[in-house]
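Colleague: I am new to this model and should like to be taken through it step by step. May I put my questions in turn?

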2 protein chains.
Amino acid sequence: MAKNRVTITDIAQEAKVSKQTVSRVINNKDDVSDETREQIQAIIRRRGYRPNSIARNLAFRRSVYLGLVFPNVDIPLFVDVIRGVEHVANQNEYHILLKEAGNEGTKEEQVLTALEDFRVDGVIMVGPLMPTNALATLLNSFEAATLINVPDVDTLPDHVTTINVDSYAAMAQLTEYLVQKGRRRFAYLNGPVSFPAVARKQAIVDTLSQYGLQLAEDHVLRGHYTPEFGYEATKTLLTRFPDIDTILCFDDRMAIGALKACADLGRKIPDEIAIAGAHEIPFSSFTIPTLTTISVPRFEMGIVAAESVFDRLNNKPTEKIISIKPEIIFRESTPL
Amino acid sequence: MAKNRVTITDIAQEAKVSKQTVSRVINNKDDVSDETREQIQAIIRRRGYRPNSIARNLAFRRSVYLGLVFPNVDIPLFVDVIRGVEHVANQNEYHILLKEAGNEGTKEEQVLTALEDFRVDGVIMVGPLMPTNALATLLNSFEAATLINVPDVDTLPDHVTTINVDSYAAMAQLTEYLVQKGRRRFAYLNGPVSFPAVARKQAIVDTLSQYGLQLAEDHVLRGHYTPEFGYEATKTLLTRFPDIDTILCFDDRMAIGALKACADLGRKIPDEIAIAGAHEIPFSSFTIPTLTTISVPRFEMGIVAAESVFDRLNNKPTEKIISIKPEIIFRESTPL
DNA sequence: AGGGTAACTTTAAACGATTTATTTGAAGTA
DNA sequence: TACTTCAAATAAATCGTTTAAAGTTACCCT
């Protein structure tokens with residue numbers, strides 16, 4: 001039960017010194033004799049005193065909080081990014097306030113406002129969806145902000161760092177590879193609206209058109225990051241367009257559903273149909289067949305994001321735009 | 001950039017009223033005339049005033065924070081439990097402070113102490129590993145605490161709620177089913193030390209012994225929740241003990257590795273070897289063959305955990321010990 | 001007109017720390 | 001002795017809000 005907690009005043013009284021002397025001891029400052037210091041420390045230990053962080057944060061002007069905003073905890077980046085951020089936050093003795101902003105960005109404003117109320121020192125936001133200029137205004141309230149996967153990086157204020165995965169380049173490279181292997185009829189299972197989702201589709205379209213090919217609109221389906229969607233979508237596509245020879249997926253989870261659908265339909269992978277995913281997950285090298293995927297260094301993104309925030313807070317020079325190169329991992333689901 | 005923020009004093013000055021009147025307006029209290037109220041609200045809107053939550057929390061004795069502690073963000077329960085907790089926290093206008101305590105529980109004390117410093121109103125802790133009596137002492141600092149998956153529930157203080165999955169019952173049922181299908185030589189891929197890990201193994205041992213069978217110690221390997229471990233462990237086991245006919249896994253991720261290993265070794269599932277996992281993941285119905293698994297209602301656990309905390313905070317009557325029944329989902333990886 | 005009451009407002013004191021002066025006392029210097 | 005210097009400690013103000021108590025009107029009633 002929340003007991004009546006010991007305060008700095010209690011300690012000061014018992015030690016027969018002023019609160020300020022106690023405060024000095026707590027914060028390891030000078031101007032306290034060794035004798036007094038030890039005596040106060042002994043009392044603190046004995047009484048089990050722990051300074052109230054809320055009061056402390058009010059007096060400091062630092063809150064020691066970092067806001068971490070995801071559209072949804074279900075997105076592919078979530079676990080690894082949070083691991084990276086936690087790691088760096090711990091090193092800096094910061095704490096993480098976690099928020100969901102909704103898959104359609106509906107709660108973004110509300111969430112940022114709440115974080116502002118808590119005077120978080122910095123914000124890391126993954127995949128914001130609101131208009132960039134409105135976002136820029138909201139972000140003005142924070143000393144440091146880092147956005148992951150966001151378009152229009154140029155129009156953002158100076159104190160905002162952006163980290164983008166170069167989704168376009170990776171998908172273009174993968175598409176080109178498959179075209180050179182003789183693939184002609186591409187389909188794309190797209191994810192919920194997001195910046196990388198748009199970029200990747202554009203990469204496919206552009207690359208195909210360089211070869212005089214095209215990605216038909218009815219070969220593109222949009223859905224969630226689930227094997228269920230991948231399964232159903234693949235069945236639908238292959239029923240309607242049996243000559244499809246390549247299915248690119250926004251996410252490995254979808255791709256796993258696609259693999260299963262092909263297995264159920266008796267379509268050979270990769271001979272008849274090539275399949276590739278993205279956002280490597282631990283399972284993609286354990287599927288049957290193993291899955292070709294675009295690997296995004298998610299943990300590193302979390303690390304870099306958090307570091308950029310702390311660099312801002314400490315007025316260190318920081319890059320404003322950070323681009324991360326994904327890597328294509330070729331496995332059995334695409335032709336050699 | 002952190003600009004100089006508008007305070008309640010600024011609003012009071014501009015409205016030519018006292019801070020307290022403004023406070024009343026903010027908190028929707030009585031004793032303010034409609035005229036004054038509207039006027040103040042207008043000023044608040046115009047100046048973009050937002051009350052400082054830190055100062056607020058200091059004045060209230062509620063922090064509006066919930067601490068959420070996991071051993072690691074990589075554990076099977078993580079994403080769904082957090083979703084559940086977030087959901088309920090949002091409804092109550094609470095905020096989540098997320099903490100990792102380490103897979104060996106090394107940081108548990110440190111983390112709980114930090115949460116105490118922040119005066120979180122309640123704590124939800126998943127899979128604590130420290131000795132129960134030490135834990136009980138630490139939890140005394142909180143008004144409400146809920147533990148998920150913890151042994152020795154009886155020795156915990158009254159204000160602590162525990163939520164346990166009845167891992168023992170489910171695993172016993174599954175084992176019995178497989179024995180009745182004629183399986184005799186069981187192996188078990190165990191997870192990192194945790195309460196459910198211990199309980200499930202015991203369930204296998206006990207059930208087998210009822211049938212005069214036993215789980216040989218060298219048929220039990222321990223490792224992390226990864227397909228890699230499942231893969232390697234399965235290969236090791238099947239090489240050393242080719243007559244194993246059942247591999248039970250602590251987690252679906254391991255089981256997926258086991259499936260792959262059997263495929264690589266040319267062992268037929270389920271005819272030669274039955275495989276089952278636990279903690280249903282989205283993929284387990286998309287593996288080839290599909291995976292039999294013990295399904296734990298993780299999202300509901302998050303919901304229930306958060307609700308129990310709020311019930312405590314609001315002095316509503318609450319159950320002290322909540323037991324959750326997992327469900328066995330039979331699929332292709334075990335005999336019909 | 002006096003008293004009572006309701007409707008508002010204001011003053012002042014928390015909340016629990018830090019920060020900014022200021023004071024005290026002892027030691028050093030000329 | 002008188003003056004400066006420095007360390008050690010204290011007092012008071014501050015952070016931005018709420019809460020409790022006191023104060024002011026205005027209105028109604030007899």
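Colleague: Is Glu143(B) buried or exposed?

Modeller: This is a predicted model, in which local features need pLDDT of at least 70 and side-chain atom pairs count only at pLDDT 80 or more, whereas totals for chains, interfaces and linings use all residues. Residues are numbered from 1 along each chain as its sequence is written, while chains are lettered from A and ligands numbered from 1 in the order in which they are written. A residue counts as buried if 20 or more other C-beta atoms, placed from the backbone, lie within 10 Å of its own, as exposed if 12 or fewer do, and as partly exposed in between. Glu143(B) has 20 other C-beta atoms within 10 Å, and it is therefore buried.

Colleague: Between which two elements of chain B is Glu143(B) found?

Modeller: Helices (H or I, at least four residues) and strands (E, at least two) are DSSP runs, numbered from the N terminus. Glu143(B) belongs to neither kind of run here, for it is found in a loop. The C-alpha atoms of Glu143(B) and Lys316(B), which are 173 residues apart along the chain, are separated by 13 Å. The elements on either side of the loop are α7 (132-139) and β4 (144-148) of chain B.

Colleague: How are the two copies, chain A and chain B, related?

Modeller: The copies are superposed by least squares on the C-alpha atoms of residues with pLDDT of at least 70 in both. A rotation of 180° with 0.1 Å of shift along its axis brings chain B onto chain A, with an RMSD of 0.1 Å. The two copies are thus related as by a two-fold rotation axis.

Colleague: Which residue of chain B has its C-alpha nearest that axis?

Modeller: The C-alpha in question lies 2.5 Å from the axis. Strand β2 (residues 95-100) of chain A pairs with β2(B) in the antiparallel sense over three bridges, two strands being paired if DSSP finds at least two bridges between them. In that pairing, Leu97(A) stands opposite Leu97(B). The residue of chain B nearest the axis by its C-alpha is likewise Leu97(B).

Colleague: How many residues of chain B are in contact with chain A?

Modeller: Two residues are in contact if their C-beta atoms, placed from the backbone, lie within 7 Å. Among the elements of chain B that each supply at least two residues of this side are α5 (78-91), β2 (95-100) and α6 (108-117). By class, the side has 23 nonpolar, 10 polar and 11 charged residues, where Ala, Val, Leu, Ile, Met, Phe, Trp, Tyr, Cys and Pro count as nonpolar, Asp, Glu, Lys and Arg as charged, and the others, Gly among them, as polar. The number of residues of chain B in contact with chain A is 44.

Colleague: How many residues surround DNA strand C?

Modeller: A residue is near a strand if its C-beta atom, placed from the backbone, lies within 6 Å of it. The closest to DNA strand C are Thr7(A), Ser23(A), Ala55(A), Ala59(A) and Thr36(B). By class, this surface has 11 nonpolar, 10 polar and three charged residues. The number of residues around DNA strand C is 24.

Colleague: Which residues come nearest to DNA strand D?

Modeller: The surface near DNA strand D divides into 11 nonpolar, 11 polar and four charged residues. Of the 26 residues around DNA strand D, those that come nearest are Val17(A), Ile8(B), Ser23(B), Asn52(B) and Ala59(B).

Colleague: What distance separates the end C-alpha atoms of helix α11 (residues 252-265) of chain A?

Modeller: α11(A) is mostly covered, with 11 of its 14 residues buried. Its buried residues pack against elements of chain A including β8 (246-249) and β9 (274-278). The expected span of a helix is 1.5 Å times one less than its number of residues. The 14 residues of α11(A) should therefore span 20 Å, and the distance between the end C-alpha atoms agrees at 20 Å.

Colleague: Which residue of β9(A) is the bridge partner of Thr246(A)?

Modeller: Both faces of β8(A) are covered, as Thr246(A) and Leu248(A) on one side and Ile247(A) and Cys249(A) on the other are all buried. β8(A) and β9(A) pair in the parallel sense over three bridges. In β9(A), the partner of Thr246(A) is Ala274(A).
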